[in-house]
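Student: I would like a close look at the aromatic pairs in this predicted model. Please describe one part in detail and then place it beside another.

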Amino acid sequence: MSVPGAAGGARSGDATATAEWGAFEDNMQGGGSAVIDMENMDDTSGSSFEDMGEMHQRMKEEEEVDAEEAAADEEDGEFLGMKGFKGQLSRQVADQMWQAGKRQASKAFNLYANIDILRPYFDVEPNQVRSRLLESMIPVKMINFPQKIAGELYGPLMLVFTLVAILLHGMKTSDTIIREGTLMGTAIGTCFGYWIGVSSFIYFLAYLCNAQITMVQMLSLLGYGLFGHCITLFVTYNIHLHSLFYIFWLGIGGLSTLRMVAVLVSRTVGHTQRLILCGALATLHMLFLLYLHFAYHKVVEGILDTLERPNIPPFQRVARDIPAISSAVMNITNKAVAA
């Protein structure tokens, strides 16, 4: 039963193949020739090896161009990235510097604008100032313990202004002439220059000599020490006597100097250090009083010397008799000249 089926399938397959080949034969017979005309073929087709090589070359060149562009873009990106990083870093540094400067400026402004910082140095009662003025003329011999120094600047500042006024009075009464500047500027510069300059110098020496004193205490000590100078100059500018000045210079000025020396001795350890520190302070303080007296007192002394001279009458012409011998000599001389 299976053989006839297989034979039937073979016959049907042969018939199909015969039909296909028959159609091919009909087409071949209808074409008339089996020769392929190579001249009529399109040379522009992409099946030739030359076209494939050219396409490959163009693709390679395009890939190289793309690679170069990508590399250039990468370099540009890196350059722009570095430039952006540097710009950002410079902005951050500039911002930090601006903030630091702003903080320092605001701190300095708050320091000088806040009056509460200076209030403790000027918060003092008048009776305390009066007692400290009297104490500045009384030396205390106590070297075992550091003597107390007032840490306020109201009294010293008022004494410096008082000394400025007294010195200005002495300049005006002595007809002092200042070629560059004014009398007020010279007086203020002299007094404040001595107070601040000598205080700074003695504080520097105290630091070298290991003395227990601060800058504010040194300013207060030297400022109250000018009380003796004010008394001496006020008296001697109005009473012009050399002997009186030297008495006040040694008495009043010496007492105020001894007071400052005693305080420094109590706050310094070592004989050499005490000698250097106290010797420098005493010398500068006493010489400054001499300078203030004689530098603006010379004109006054000249005026007083002129006024204290004995009264001399003005020059007058007095008639005198000419002797006869001189007239005879004159006659003989005239005759000889005429001859």
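**Aromatic pairs**

Tutor: Helix α6, which spans residues 183-208, holds both Phe-192 and Trp-195; they are three residues apart, about one turn of the helix. A search of the whole structure yields six aromatic pairs. In the pair made by Phe-192 and Trp-195, the ring centres are 6.1 Å apart and the planes stand at 65 degrees, so the arrangement is edge-to-face; the cut-off for that class is over 60 degrees. Both partners can also be placed by their accessibility. Phe-192 has a relative accessible area of 18% and is therefore buried, since the limit for that term is under 20%. Trp-195, at 6% relative accessibility, is likewise counted as buried. These two residues do not stand alone, for Phe-161 joins Phe-192 and Trp-195 in one aromatic cluster.

A second pair is formed by Phe-245 and Phe-294, whose ring centres lie 5.6 Å apart with planes at 85 degrees, so this pair too is edge-to-face. The pair links distant parts of the chain: Phe-245 belongs to helix α9 (residues 242-266) and Phe-294 to helix α10 (residues 271-295), with their positions 49 residues apart in numbering. The accessibility of the two partners is as follows. Phe-245 is buried, its relative accessible area being 0%, whereas Phe-294, at 26% relative accessibility, counts as partly exposed.

Note on methods: Residues are numbered from 1 along each chain as its sequence is written. This is a predicted model: local features need pLDDT of at least 70, side-chain atom pairs count only at pLDDT 80 or more; totals for chains, interfaces and linings use all residues. Side-chain values use heavy atoms; hydrogens and water are left out. Rings of Phe, Tyr and Trp (its six-membered ring) pair if their centres lie within 6.5 Å; planes under 30 degrees apart count as stacked, over 60 as edge-to-face and the rest as tilted. Helices (H or I, at least four residues) and strands (E, at least two) are DSSP runs, numbered from the N terminus. Buried means under 20% relative accessible area, exposed over 50%, partly exposed in between (1.4 Å probe, protein chains only).
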